[in-house]
Amino acid sequence: LQTPPLQTPAGVEPLWRESVGHELRQERLASGKRLIDVAEEAGVSPQYLSEVERGLKDPSSELLAAIAGALGLSVAEIATRVASSTARGSAPQSPVCLAA
């Protein structure tokens, strides 16, 4: 199973926690792991991991490292994925005019 792309209004950059959660969920599903198994390995509750994946919680760097590690990733890999997906999807749909 693959999650649909992160949806935000045109020209609006998604929040960091939403992008991180989306990447974590995609990786978990791609690896065929259950939420409860990843949560247990990371030392967090399944409810907390679910909230992180849905972009409702902003995990500390320690918890992000634990969750990423349970998925066989590093925090740097998650950050790189988030940065590249945000760069691809955040371009404004129309020209922006800034006035001084």
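Here is a short conversation about how the terms used for this predicted model are applied to its residues.

User: What should I know about the model before we start?

Analyst: It is a predicted model, where local features need pLDDT of at least 70, side-chain atom pairs count only at pLDDT 80 or more, and totals for chains, interfaces and linings use all residues. Residues are numbered from 1 along each chain as its sequence is written, and side-chain values use heavy atoms, with hydrogens and water left out.

User: Thanks! What makes up the secondary structure of the protein?

Analyst: It comes to five helices and zero strands, so from the N terminus on the elements run α-α-α-α-α. Helices (H or I, at least four residues) and strands (E, at least two) are DSSP runs, numbered from the N terminus.

User: How do you know that the length of α1 agrees with its number of residues?

Analyst: The expected span of a helix is 1.5 Å times one less than its number of residues. For the 16 residues of α1 that should be 22 Å, and the end C-alpha atoms are 23 Å apart, which agrees. Just after α1, Gly 32 takes a positive phi of about 75 degrees.

User: Why is Glu 53 called buried, and Arg 54 exposed?

Analyst: Buried means under 20% relative accessible area, exposed over 50%, and partly exposed in between (1.4 Å probe, protein chains only). Glu 53 has a relative accessible area of 7%, so Glu 53 is buried. Arg 54, in the loop between α3 and α4, has 53%, so Arg 54 is exposed. In the protein as a whole, buried residues make up 31% of the 100 residues.

User: Which residues of α3 are buried, and how do you know that they lie on the same side?

Analyst: Tyr 48, Leu 49, Val 52 and Glu 53 are the buried ones in α3 (residues 46-53). They cover an arc of only 135 degrees around the axis, so they are on the same side of α3. That arc is the one of the directions from the helix axis to the C-beta atoms. What covers these buried residues includes α1 (16-31), α2 (35-42) and α4 (61-70).

User: What makes Arg 25 and Glu 53 a salt bridge?

Analyst: A salt bridge is a side-chain nitrogen of Lys or Arg within 4 Å of a carboxyl oxygen of Asp or Glu. Side chains of opposite charge can pair when their charged atoms come close. Arg 25 and Glu 53 meet at 3.6 Å, N to O, so the pair fits the definition. Arg 25 lies in helix α1 and Glu 53 in helix α3, so the pair ties together parts that are 28 residues apart in sequence. Arg 25 itself is partly exposed, with a relative accessible area of 33%.

User: What other residue does Glu 53 meet in a salt bridge?

Analyst: Arg 28, at 2.7 Å, N to O. Glu 53 lies in helix α3 and Arg 28 in helix α1, so this pair ties together parts that are 25 residues apart in sequence. Both Glu 53 and Arg 28 are buried. Arg 25, Arg 28 and Glu 53 are thus linked in a network of salt bridges.

User: How many salt bridges does the structure hold?

Analyst: The structure holds five. One of them joins the side chains of Lys 57 and Glu 51, at 4.0 Å, N to O. Lys 57 is partly exposed, with a relative accessible area of 35%, and Glu 51 is partly exposed too, with 26%.

User: Why is Glu 23 said to have no salt bridge?

Analyst: Lys and Arg count as positive and Asp and Glu as negative, while His and the chain ends are not counted. The nearest side chain of opposite charge to Glu 23 is Arg 81, 4.5 Å away. A salt bridge has to be within 4 Å, so this pair does not qualify. Glu 23, which lies in helix α1, is buried all the same.

User: What does Glu 23 touch?

Analyst: Not counting residues up to four places away in sequence, Glu 23 touches Arg 81, Val 82 and Ser 85. Contact means heavy atoms within 4.5 Å.

User: What makes a nonpolar core, and which elements give residues to the largest one here?

Analyst: A nonpolar core is a set of buried Ala, Val, Leu, Ile, Met, Phe, Trp, Tyr and Cys residues joined through side-chain atoms within 4.5 Å. The largest has 17 residues, and those with the most contacts inside it include Val 20, Val 44 and Leu 49. The elements that give two or more residues to this core are α1, α2, α3, α4 and α5 (75-89). α4 gives the most, with four residues.
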